[in-house]
Protein chains: 2
Amino acid sequence: MRVLAKDILEGKVTGEAEVSGWVHRIRDMGGITFVILRDRSGILQLVFEKKPDLTLESVISVKGTPAANEKAPGGTELRVSGLEVLSKAAPELPFQVNGDVSKTGLESILDNRLLSLRNPKIRSIFNIQATIVEAFAGFLRNQDFTEIKTSKLVSTGTEGGTNLFQVEYFDDKICLAQSPQFYKETLVAAGMERVFEIGQVYRAEKHDTPRHLNEYVSLDVEVGFIESEKDLIELEKGVLAHIFAELERKNKKDLDAWNATVPSADAVAKAPTVPYDECLSIVNAEAAKGKNPGGRIFDINPEAERIICEWSLKENGVDLVFVNQFPRRHRPFYTYPLDLGDGKASSTMSFDAIFRGLEITSGSRRHHDYQAFLEALPRFGLKTEDMGGYLELLKYGCPPHGGFAIGCERLTQKVLGLTSVKEASLFPRDRKRVAP
Amino acid sequence: MRVLAKDILEGKVTGEAEVSGWVHRIRDMGGITFVILRDRSGILQLVFEKKPDLTLESVISVKGTPAANEKAPGGTELRVSGLEVLSKAAPELPFQVNGDVSKTGLESILDNRLLSLRNPKIRSIFNIQATIVEAFAGFLRNQDFTEIKTSKLVSTGTEGGTNLFQVEYFDDKICLAQSPQFYKETLVAAGMERVFEIGQVYRAEKHDTPRHLNEYVSLDVEVGFIESEKDLIELEKGVLAHIFAELERKNKKDLDAWNATVPSADAVAKAPTVPYDECLSIVNAEAAKGKNPGGRIFDINPEAERIICEWSLKENGVDLVFVNQFPRRHRPFYTYPLDLGDGKASSTMSFDAIFRGLEITSGSRRHHDYQAFLEALPRFGLKTEDMGGYLELLKYGCPPHGGFAIGCERLTQKVLGLTSVKEASLFPRDRKRVAP
């Protein structure tokens with residue numbers, strides 16, 4: 001029966017053992033040959049008395065006896081008595097699996113996903129991501145949230161009609177959902193009260209940047225009976241602190257591979273909530289102190305995101321900032337208005353979470369009152385007759401509610417310090433890439 | 001601070017308490033008024049000394065004092081001292097939330113999702129489904145599987161070119177994935193070895209039946225280093241037994257609402273594996289015993305699925321059957337061939353799981369050997385140049401592997417005995433339905 005490399009290294013198997021995996025490295029020493037075998041648990045040195053006929057990345061199964069060798073990785077090697085080649089790899093590999101990938105170009109990594117993922121450092125990105133998904137769900141289930149799965153085929157977008165991919169649906173044309181916004185609100189109002197969804201969303205945005213994907217995994221949350229966006233910020237702090245703690249507990253090796261650390265629960269608790277206007281003041285004041293101050297910053301753009309996180313790291317010891325009270329003009333029609341004293345309700349109960357210089361979350365309290373919503377529509381150039389199901393949502397009893405979404409790939413990117421968000425997607429989609 | 005209905009019923013709160021939720025029922029007794037409040041935890045009787053101005057399904061928040069009353073649901077009621085209406089529901093409801101839904105038509109339930117989901121019996125379907133998803137993932141994580149998220153935007157289908165929805169992707173036309181087949185195999189071969197994915201898949205099938213959805217949640221599994229489909233059947237038995245045990249543990253009330261029971265772990269272990277040819281013989285023999293025997297059954301069609309499960313319930317005490325060794329002509333090109341002794345390898349290492357008369361799973365060992373695969377292609381009318389990425393998958397070291405997928409909605413349907421699979425989808429898509 002097959003055992004894993006780590007079972008041998010941890011001394012769980014002492015007699016004859018069978019291991020299987022990929023040929024990671026071959027070192028012919030004249031008399032004997034060392035082969036490094038890689039399986040899902042790690043690597044193990046195999047010792048062959050006679051040179052085996054192997055190519056790199058072939059899949060093999062070997063029998064042998066463990067023996068201590070302080071020069072072997074992990075201090076133990078397997079002296080091979082029998083070899084079976086399960087699948088021979090072509091000798092010319094289009095991607096070097098066992099090399100240092102730190103200087104490999106993104107396009108090469110993505111074009112050769114089958115091979116690039118075999119590199120342990122690249123693989124570790126997706127160990128991290130699996131824990132993020134698991135911890136996100138685990139924390140919310142403990143808080144009495146129900147996991148939902150909602151349709152990604154919708155007749156209209158919830159963020160307005162732009163940036164939608166069209167689908168030919170029998171004789172109809174419909175769209176891929178930009179967000180489960182409408183559905184998660186519906187399910188809160190349908191009495192579920194607390195829901196989360198882990199699913200793909202689609203944005204037909206044309207720009208090709210290190211922070212954008214045209215298809216990404218959105219970690220969505222919606223919750224009823226809240227007072228303001230501050231309840232949501234507290235909830236997200238809980239979610240993030242739990243995710244970071246789980247990464248620390250389960251993925252130490254993967255974090256180490258990228259020299260990455262995660263904020264402690266204490267640090268997350270100290271993340272400040274900064275109102276939008278104050279955030280802009282801080283950002284401009286900080287920018288003015290810099291060596292090359294540019295023009296005035298008028299919005300929370302990527303530069304502002306970077307500066308406010310640097311400021312928070314300096315001031316609060318954590319590079320996580322919640323910016324709230326965005327002006328109404330920056331937020332979608334369903335955002336709950338907030339009157340900051342000018343009588344115009346020109347602000348909103350909304351927030352972004354910015355982590356290590358990148359927006360990872362957008363959230364808000366939403367409209368729940370039918371009449372107030374009807375009155376707000378003209379401010380967005382919207383008419384009652386365009387709102388369809390959205391009005392139904394508020395018509396038959398809808399609790400005060402709100403929610404947020406964390407971009408799964410962006411969070412993965414920032415945990416590990418990856419250059420591009422595309423590195424954090426197994427099979428990313430951008431304007432040019434639809435394969436593999 | 002808000003507490004839940006069940007906190008009051010369980011005696012966790014004794015002094016003044018605040019509860020919030022929906023107005024489920026109003027009973028005006030002349031002097032006093034009973035209002036049944038519904039929140040995510042259950043229902044609670046409220047007692048008003050003065051008749052409140054309320055409509056059914058409005059969202060309210062009340063303060064009051066718990067008092068024993070054996071006539072109240074759960075034996076405790078709340079004597080109200082303060083009421084706030086958070087959201088008033090329109091007086092005319094298009095769907096009766098608090099009624100008996102057993103005779104309500106499917107279209108009405110789906111057209112009025114916001115309201116139909118408020119009915120506790122309908123809501124319970126999705127409590128069951130949330131546990132299915134959680135237990136599926138939990139079991140596999142314990143077996144060292146990694147959760148993956150793969151793109152649903154693909155350039156070609158893996159089951160052949162039919163039944164694909166087309167997407168306008170910038171200047172290109174691509175498709176919605178019918179299955180994560182190619183990606184899950186790629187990730188096994190990329191060294192992850194054991195992966196699972198919970199995600200939507202899309203089938204542009206025109207038929208509108210109680211067993212079909214055009215978008216459904218597929219619970220996908222792929223695992224390396226297996227010998228045959230029998231390893232997969234054992235794995236699926238483990239998955240199902242765990243899901244059923246978790247449903248029994250967490251969702252007793254939801255199962256009871258539908259008079260539903262789940263098979264015990266012992267029963268799942270006894271589920272037989274019946275080769276395709278033998279299955280057809282049994283089905284025809286059983287059909288011949290029936291009162292109205294029809295013509296000979298030549299395939300595992302819906303009628304055969306029903307009969308083989310009835311047979312197994314009679315013979316083995318469990319209405320779960322694994323049918324294996326499907327003929328090659330019935331399975332996709334990537335299925336691993338099996339020679340049953342005729343030298344033609346006309347059978348395959350494949351299986352279906354049939355539960356309570358419905359196919360819930362299809363699975364197989366897959367080709368992993370590059371040469372053998374090249375030789376098999378012409379039998380499927382396929383050419384090397386059409387295979388693109390699929391050949392790459394086998395070219396650089398691919399372990400023997402296989403996998404299966406469980407239809408999440410079909411499993412939910414059969415656990416509860418729902419008439420249509422559409423009842424088990426929050427927002428189902430069929431040929432005519434793209435909203436809500």
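Strand β9 (residues 166-169) of chain A pairs with strand β9 (residues 166-169) of chain B in this predicted model. The pairing is antiparallel and runs over three bridges. Within it, Val167(A) has Val167(B) in β9(B) as its bridge partner.

Val167(B) also marks the symmetry. Of the residues of chain B, Val167(B) comes closest to the rotation axis, its C-alpha lying at 2.2 Å. A turn of 180° with a shift of 0.0 Å along the axis lays chain B on chain A, with an RMSD of 0.0 Å. That is the relation of a two-fold axis.

The contact draws 89 residues from chain B and 89 residues from chain A. Of the interface residues of chain B, 100% are also interface residues in chain A, so the copies meet through the same surface. Together the two chains bury about 7,400 Å², and 62% of that is on carbon and sulfur atoms.

Polar links also cross the interface. Between chain B and chain A there are 10 salt bridges. One of them joins Asp144(B) to Arg40(A), with the closest N and O atoms 2.8 Å apart. Polar contact is found for 44 residue pairs across the interface, both residues at pLDDT 80 or more.

On the side of chain B that touches chain A, helix α5 (residues 181-192) of chain B gives the largest share, eight residues. The make-up of that side by class is as follows.

| Class, side of chain B touching chain A | Count |
|---|---|
| Nonpolar | 44 residues |
| Polar | 15 residues |
| Charged | 30 residues |

How values were computed:
Residues are numbered from 1 along each chain as its sequence is written. Chains are lettered from A and ligands numbered from 1 in the order in which they are written. This is a predicted model: local features need pLDDT of at least 70, side-chain atom pairs count only at pLDDT 80 or more; totals for chains, interfaces and linings use all residues. Side-chain values use heavy atoms; hydrogens and water are left out. Contact means heavy atoms within 4.5 Å. Buried area is the accessible area (1.4 Å probe) that two parts lose on being put together, summed over both. A salt bridge is a side-chain nitrogen of Lys or Arg within 4 Å of a carboxyl oxygen of Asp or Glu. A polar contact is a pair of N or O atoms within 3.5 Å; within protein, one must be able to donate a hydrogen and the other to accept it, and residues adjacent in sequence count only if both atoms are side-chain atoms. Helices (H or I, at least four residues) and strands (E, at least two) are DSSP runs, numbered from the N terminus. Ala, Val, Leu, Ile, Met, Phe, Trp, Tyr, Cys and Pro count as nonpolar, Asp, Glu, Lys and Arg as charged, and the others, Gly among them, as polar. Two strands pair if DSSP finds at least two bridges between them. Copies are superposed by least squares on the C-alpha atoms of residues with pLDDT of at least 70 in both.
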